[in-house]
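The following paragraphs lead the reader through selected features of a structure, moving from charged pairs to a buried contact site. Please keep the sequence and the model in view while reading.

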Amino acid sequence: MKIGQITFTRFIAAMAIVISHFNKDLFLYKIEYISNLFLRANVGVSYFFILSGFIMIVAYGQKNKIDYFEFYKNRFARIYPLYVLGLLLYFLTRSHLFDGYKVLLYALGLQSWIPGEAMILNFPGWSISVEFFFYLLFPLLYNYFYSRKNKIIWIFAIAIWLATQIFSNWYLALDAYEGPHTKSHEFLYYFPVWHLNEFLIGNLAGLYFIKNFRPKKYDIQIILLFLLIVLVLMFVPLFYHNGLMALLFVPAIIMISCNNGWITRLFSKKPLEYLGEISYAVYITHIPVLYLLREFLRIQEYNLDIDTVFVIYVMVLLISSALFYQGIEKPMRDLLRRISFKKN
């Protein structure tokens with residue numbers, strides 16, 4: 001089952017993260033309340049994790065069993081080539097930060113398991129540690145629970161979600177939490193275990209969707225839900241990072257996936273769907289591309305205001321991401337997927 005209209009939402013989440021990582025002198029951060037929205041826009045990573053769980057079920061939900069090797073190979077082919085590219089681009093302007101130990105952690109996708117190392121090198125890569133964790137578990141979950149319609153996984157997933165919310169807010173109040181840019185911060189925000197609930201909830205949403213899929217017009221509900229998400233991020237000071245927003249993201253994903261109204265027709269337009277396709281390249285390369293652009297502007301001695309730099313940056317990022325998608329992600333994905341060690 002292919003859900004074209006959901007693809008574009010990945011781009012929206014990716015661009016929210018891009019803006020959240022850009023210079024805080026940008027005009028968007030000077031608008032009251034709007035600034036809160038983008039200061040919390042890193043919650044887009046939670047959306048990615050929930051959507052990843054949802055898409056996994058949609059993609060494999062008709063199978064009786066998942067072949068471990070084929071699954072791991074396909075997921076590796078999907079994310080690893082651009083992950084490595086992000087590191088290589090990073091070193092074009094940060095070669096002095098080369099460190100064998102950190103490169104090894106990054107290459108193995110282990111950085112987020114070690115508080116203090118999660119943001120090494122091309123720091124958006126921290127999320128790959130989490131994705132690798134999800135991918136390691138998914139065939140087991142599918143073969144022993146989802147395909148067998150074992151209801152225990154529902155209780156387990158909801159319990160994990162509740163426990164994570166309680167722990168996250170409790171930990172923030174402890175003296176052990178020392179604030180941003182500390183090991184305690186990385187433990188709370190980036191440690192893969194605290195994100196497992198997002199993937200599991202996404203899985204449950206996928207199971208619900210497959211069983212109850214009924215095309216229907218949800219345009220008004222989707223718009224209202226989107227406005228609610230925006231208002232919550234702007235005005236409600238909660239800890240969103242470890243899955244709390246699943247309360248709003250899950251119904252949004254399901255309604256967009258079931259919708260057959262004008263929003264679906266719009267989001268399914270080829271240009272918008274294509275932006276969704278390149279969203280991973282946007283996310284994983286946006287920091288090194290920003291560093292490269294800044295270095296270019298410095299060498300050329302261009303004295304541009306920050307808002308102009310942002311417009312140029314977005315254009316360069318979209319063009320480069322399309323090139324990376326067409327020239328690296330797709331060809332490498334197809335090449336790696338053809339690799340087989342099975343006997344004829």
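A residue is called buried when its relative accessible area is under 20%, exposed when that area is over 50%, and partly exposed in between. Because the relative accessibility of K73 is 11%, K73 counts as buried. The model considered here is a predicted one.

K73 is a suitable place to begin. It forms a salt bridge with E70, and the closest N and O atoms of the two are 3.3 Å apart. Both residues belong to helix α4, which covers residues 68-94; because K73 and E70 are three residues apart there, about one helical turn separates them. The partner, E70, has a relative accessible area of 21% and is therefore partly exposed.

How many salt bridges does the structure hold? There are three. Side chains of opposite charge can pair when their charged atoms come close.

Another of these salt bridges joins the side chains of E329 and R78, with an N to O distance of 2.6 Å. This pair links distant parts of the chain, since R78 lies in helix α4 and E329 in helix α15 (residues 306-337), 251 residues apart. Are the two partners buried or exposed? E329 has a relative accessibility of 2% and so counts as buried. R78, with a relative accessible area of 13%, is buried because that value is under 20%.

A further salt bridge is formed by the side chains of R298 and E295, at 2.5 Å from N to O. Here both residues lie in helix α14 (residues 279-299), three residues apart, which is about one turn of the helix. R298 has a relative accessible area of 53% and is therefore exposed, whereas E295, at 29%, is partly exposed.

The final site is I19. This residue is placed in helix α1, which comprises residues 4-20. Its relative accessibility is 11%, so I19 counts as buried. Which residues does I19 touch, not counting those up to four places away in sequence? They are L26, L28, Y29, F38 and F310. In addition, the C-alpha atoms of I19 and A41 are separated by 7.8 Å, although the two residues are 22 residues apart along the chain.

Note on methods. Residues numbered from 1 in each chain as written. Predicted model: local features only at pLDDT ≥ 70, side-chain atom pairs only at ≥ 80, totals over all residues. Heavy atoms only, no water. Helix = DSSP H or I, 4+ residues; strand = E, 2+ residues; numbered from the N terminus. Buried < 20%, exposed > 50% of the residue type's maximum accessible area, 1.4 Å probe, protein only. Contact = heavy atoms within 4.5 Å. Salt bridge = Lys/Arg side-chain N within 4 Å of Asp/Glu carboxyl O.
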